[in-house]
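User: Hi, I have a structure open and I'd like to go through it with you, starting with a term I keep tripping over.
Analyst: Of course, let's put it up and begin with that term.

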Amino acid sequence: MTMLKTLAPYEFKSSDAVENYKGRQLLYVNWERHRMFSRPFVLALPPETPFSEIVDRHMSECFSYHPDWQQIDWNTVIWQNGDQPFSPDRDKSLKDNGIGHKDLIRFRTPGLDGIAGTGY
Amino acid sequence: MDMKVAKKLGLKERYSLMTRDLAWDTTFQKMADVFPQTTYEGIKIHDWDKWEDPFRLTMDAYWKYQSEKERKLYAILDGFNQNNGHLSVTDARYINVLKLFLGSTPPLELMAARGFSMMGRQMNGAGPRVACQMQAVDEYRHFQTQIHSISNYNKYYNGMDEFAHQQSRMWYLSDGKSFFDDAITAGPFEFMVAIGFAFEYVLTNILFVPFISGAAYNGDMAAMTVGFSAQSDEARHMTLGLECIKFMLEQDPDNLPIVQRWIDKWTWRGTRKLASVGMMMDYMLPKRIMSFKEAWEMYVEDNGGALFKDLARYGITIPKCFAQTVEEKEHVSHQSWIGFYMKPGATPFHTWIPTPDEMDWLSEKYPNTFDRYYRPVLEYLDAQEKAGNRYNNKTQPMNCQVCVSTMKFNEPGDSMEMCFRESVYRGEKFHTCSDHCKEIFDNEPEKYVQTFISSHQALQGNCEPDGVDVDAPDYRPGARMLDYWRLDERATGDFNGSDDQKNFAVWREQATKN
Amino acid sequence: MSNAFIAFQKNDESRCIVEAILDDNPGAMVDDQPSMVKIDVPHRLVIKRETVEEKMGRSFDLQELQLHLITISGHLDETDDEFTLSWNA
């Protein structure tokens, strides 16, 4: 239950409600144990966007600066949506992969733990 | 005939005559209508006269001492500027500390001035009203003098002229803005705990003492004198914050759980807000006085520890976040610097990789973490830069819904893992950086759903310079972010090769020969 | 037992104040830092007007401390004659 106390009625909309994105939705992506990227990045994309575009374009553009990127064996990658295990289908859309507004996709690359195994 | 000489009044009498005795209770209007804000938060006050300023500072004495401080300050500033003092700093990297400080601190001093002006109006008792008025004037003075002292640098170095425009727009200034916006939109008692107590008493030493001492150590007399002048007011501010806590706790036992929740909340929010101070101390000062970790131990663990031990007699316990802050002191400055280093095109100050001897200093100061986690990546990035492949991450960040920091902190107990927390409110997901921020969100979600997150706003098309048509078919959100921020490109990028670096070298050379 | 502390900017006046503190507070510890000085005393730190006046060779109003202060730790009590910082625990 809220602990907010106010002098008057208090009703405000969320700044990031999905309707503010004109048909797109927010998606966050994080490469676990590669903290050289400091934090996840965010995209606004239509829900029809194929998952392959996330990997081949957006993730590649950002993460290929890291020497581990070329070493990834994509068959062993472990995916999560938030804290839930998740198996994305490359050819399906975000929506058909069950990815909603403001979901956080996390992926782990076993055996690749960043520069000199530091997690960076 | 004997002359009767009026005896000079003692401090206590003078304080009593000049504060409480000048106040009155209203009779034409009900006191509750004149002071409508001091009851709705649930804090119960029975006797406002129990609040007394232990400095017993009256307005006449206040003006006398403050004007003396101003005279000293401006005399030193004039001397520093007339003598080309900017060329006496250790090296031009130091000036980036001032750029970071200018964007992040004076605008918040102004918010503090607004907040304390409101407190000076809303508090029922004359004691707190007078003390809050003084603090409001102090904060306004800090806002002005900080800008004045740095304005001389603005004549010579890039990236300082648009700090006021950038304050409410730039990604890395959102954490401080959110901190004060949250405090000033709370009730008066929560504001007093937030700013007067958690920030001024528990945390402000971490910001100002190392900043001033660091400025002095790096030859910046302008920042040193303005810092000292401001800091001489801080002891009074800290006292006001502590008196407020004691007053609430002594007035009614029902106040304890409310006060405790606010202490927990604001100690954490302040800790997050100060993460960038750590990187200033450890990475940005060419000559370093002490590590952020050492400062944290001295001013927060020891001093804060003494405070909470003392407040235990009221039933107050140490803030819940304390253990996590102790763990994080080994990490936050490094994590922050990497976060800024990778965005060379998105700040009005330069970043760089520490020199080998600076890295050795970091190893010595952080024996548990620096070599294990941070040195390898910094050395890798250094080699990349030297090979012409300087790191430049062009993506937009994910931020915490409460503290608005980028989501860059590790899971407590596991330095390799990122920490993510999530809440769902009215069907929408909200992400936070820690258990403490999540708890703050969950306690008052109506408030934090409104958070301004720069990257999200840009993606909505709300961060564009004038004249951009966000409905045009070829519109790309964020493509003109630099214009929106009014970011001077000369101020961006790595320090190596910057105008500041070149100009400083030339001017210093000119200063030593004809 | 916690330390009460006080820090001053380094200048001629604060040099006298620090000397007075050292005289009046056995166990006081001085920490010299760039352009500032911090003094810790276990439990209770007192600044006496009379001692400061002796060191300065002039009359001194304790409220003049305002001009040189950087930070304090402890509960404060200020009278015409003494400026005291202390912890109850």
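User: What does it take for two strands to pair?
Analyst: Two strands pair if DSSP finds at least two bridges between them. Please also keep in mind that this is a predicted model.

User: OK, so where does that come up between chains A and B?
Analyst: Strand 2 of chain A and strand 1 of chain B, residues 396-397, pair in the antiparallel sense over two bridges. In strand 1 of chain B, P397(B) is the bridge partner of F41(A).

User: And which chains touch with the most contacts?
Analyst: Two pairs of chains touch, and the most contacts are between chains A and B. Chain A and chain C do not touch, and their nearest C-alpha atoms are 31 Å apart.

User: How many residues are in contact between A and B, and how much area is buried?
Analyst: On one side 51 residues of chain A are in contact with 61 residues of chain B, and the area buried between the two chains is about 4,800 Å², with carbon and sulfur atoms giving 54% of that. In chain A, the residues that lose the most area to chain B are R35(A), R39(A) and Y65(A), which together make up 16% of what that side buries.

User: How many salt bridges are there across A and B?
Analyst: Across the interface of chain A and chain B there are six salt bridges, and one of them joins the side chains of E11(A) and R426(B), at 3.0 Å from N to O. Polar contacts are found there as well, in 29 residue pairs.

User: Which elements of chain A give residues to that side?
Analyst: Strand 1 (25-31), strand 2 (41-45) and strand 5 (103-108) of chain A are the elements that give two or more residues to the side touching chain B. By residue type, that side of chain A divides into 24 nonpolar, 12 polar and 15 charged residues.

User: Switching to B and C, how many residues are in contact there?
Analyst: There, 40 residues of chain B are in contact with 33 residues of chain C, and about 3,200 Å² is buried between these chains, of which carbon and sulfur atoms give 57%. F55(B), Y65(B) and F228(B) supply 19% of the area that chain B buries against chain C, more than any other three residues.

User: What about salt bridges and polar contacts between B and C?
Analyst: The count between chain B and chain C is one salt bridge, and R56(B) forms it with D77(C), with the closest N and O atoms 3.4 Å apart. In addition, 17 residue pairs are in polar contact across this interface.

User: Which helices of chain B supply that side?
Analyst: Helix 1 (11-18), helix 3 (59-82), helix 9 (188-217), helix 10 and helix 13 (292-311) of chain B each supply at least two residues of the side that touches chain C. The largest share, 11 residues, comes from helix 10 of chain B.

User: Now the sheets in chain C. In what order do the four strands go?
Analyst: Four strands of chain C form an open sheet in the order 2-3-1-5, with antiparallel pairing. Strand 2 (29-33) and strand 5 (69-73) of chain C stand at the edges with a single partner strand each, so one side of each is left without a neighbour in the sheet. Neighbouring strands of this sheet are turned by 15° against each other on average, direction ignored.

User: And what packs on that sheet?
Analyst: Helix 10 of chain B, residues 221-251, packs on the sheet and touches strand 1 (3-9), strand 3 and strand 5 of chain C, and the direction of helix 10 makes about 25° with that of strand 5 of chain C.

User: What about the sheet of three strands?
Analyst: That open sheet of chain C has the order 4-7-6, again with antiparallel pairing. Strand 4 (44-48) and strand 6 (75-78) of chain C are at its edges with a single partner strand each, so one side of each has no neighbour in the sheet. Strand 4 of chain C pairs with strand 7 (residues 82-86) of chain C over five bridges, and V46(C) stands opposite T84(C) in strand 7.

User: Last one: how many salt bridges are there over all chains?
Analyst: A search of the whole structure finds 62. Among them, E330(B) forms a salt bridge with K293(B), with the closest N and O atoms 3.6 Å apart. E330(B) lies in the loop between helix 14 (322-328) and helix 15 (332-341) of chain B and K293(B) lies in helix 13 of chain B, so the pair ties together parts that are 37 residues apart in sequence.

Terms used:
Residues are numbered from 1 along each chain as its sequence is written. Chains are lettered from A and ligands numbered from 1 in the order in which they are written. This is a predicted model: local features need pLDDT of at least 70, side-chain atom pairs count only at pLDDT 80 or more; totals for chains, interfaces and linings use all residues. Side-chain values use heavy atoms; hydrogens and water are left out. Axes are lines fitted to C-alpha atoms, for helices over the stretch in contact, and angles run from 0 to 180 degrees between N-to-C directions. Contact means heavy atoms within 4.5 Å. Buried area is the accessible area (1.4 Å probe) that two parts lose on being put together, summed over both. A salt bridge is a side-chain nitrogen of Lys or Arg within 4 Å of a carboxyl oxygen of Asp or Glu. A polar contact is a pair of N or O atoms within 3.5 Å; within protein, one must be able to donate a hydrogen and the other to accept it, and residues adjacent in sequence count only if both atoms are side-chain atoms. Ala, Val, Leu, Ile, Met, Phe, Trp, Tyr, Cys and Pro count as nonpolar, Asp, Glu, Lys and Arg as charged, and the others, Gly among them, as polar.
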